[in-house]
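Have the viewer ready and turn the model as you read. We will start at one residue and work outward from there.

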Amino acid sequence: MKDLKYEIIIYWSEEDAAYIAEAPELPGCMADGPNYESALGNMETVMQEWIETATSLNRPIPVPKGRKLIFA
């Protein structure tokens, strides 16, 4: 598996009764799981599949931006 360096946001959803993971830089790329660890593991799989699908459709793959730290 590629070294995925995209930001992942994980939060609890009462509505879904699950942890939700999102990769904001990969539109529509989301996964879930009953606990934090499984949501993260599922997200790694979904991110790889997202990239493979975009590649097969000749769509651009966003370059990971990471976080910008601003010091005042």
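**From one residue to the whole fold**

Let's begin with Asp3, which sits in the segment before β1 (9-13). This is a predicted model, and every value below is computed from it. Is Asp3 buried or exposed? Its relative accessibility is 61%, and because exposed means over 50%, Asp3 counts as exposed. For a link across the sequence, look at Asp3 and Glu44: they are 41 residues apart along the chain, while their C-alpha atoms are 9.9 Å apart in space.

Now zoom out to the whole protein. It has one helix and three strands, and along the sequence they follow the pattern β-β-β-α. Of the 72 residues, 28% are buried. If we take contacts between residues at least 6 apart in sequence, 30% of them join residues at least 24 apart. The protein exposes about 5400 Å², with carbon and sulfur atoms supplying 54% of that area.

The strands come next. β1 and β2 run antiparallel and are joined by five bridges; in this pairing, Ser13 stands opposite Ala18 in β2. The hairpin they form has four residues between the strands. One residue to pick out in the loop between β1 and β2 is Ala17. Its phi is near 50°, a positive value in a residue other than glycine. Ala17 is also exposed, because its relative accessible area of 52% is over the 50% cut-off.

Moving on, β2 and β3 also run antiparallel, here with four bridges between them. Ile20 stands opposite Asp32 in β3. In a regular strand, side chains alternate between the two faces of the sheet. You can follow the two faces in β3: Ala31 and Gly33 make up the covered face, while Met30 and Asp32 make up the uncovered one.

After the strands comes helix α1, residues 36-56. How far apart should its ends be, given 1.5 Å a residue? The 21 residues of α1 should span 30 Å, and the end C-alpha atoms are indeed 30 Å apart, so the expected and modelled spans agree. At the N-terminal end, Asn35 acts as a cap, with a side-chain oxygen 3.3 Å from the backbone nitrogen of Glu37. Past the helix, the segment after α1 holds Asn58. Asn58 has a positive phi of about 55° although it is not a glycine. With a relative accessibility of 71%, Asn58 counts as exposed, because that value is over 50%.

Which residues of α1 are buried? They are Ala39, Met43, Met47, Gln48, Trp50, Ile51 and Ala54. The elements covering the buried residues of α1 include β2 (18-22) and β3 (30-33).

That brings us to the interior. The largest nonpolar core has 13 residues, and the members that touch the most others are Ala23, Leu26, Cys29, Met43, Met47 and Trp50. Helix α1 gives this core its largest share, five residues. Leu26 makes a good place to finish the tour: leaving aside residues up to four places away in sequence, Leu26 touches Tyr6, Met47, Trp50 and Pro62. Two of these partners, Met47 and Trp50, have already appeared among the buried residues of α1.

Conventions. Residues numbered from 1 in each chain as written. Predicted model: local features only at pLDDT ≥ 70, side-chain atom pairs only at ≥ 80, totals over all residues. Heavy atoms only, no water. Core = buried A, V, L, I, M, F, W, Y, C linked by side-chain atoms within 4.5 Å. Buried < 20%, exposed > 50% of the residue type's maximum accessible area, 1.4 Å probe, protein only. Contact = heavy atoms within 4.5 Å. Expected span 1.5 Å × (residues − 1). Polar contact = N/O pair within 3.5 Å; in protein donor to acceptor, adjacent residues only side chain to side chain. Areas by Shrake-Rupley, 256 points an atom, 1.4 Å probe, with all protein chains shown as cover. Pairing = 2+ DSSP bridges.
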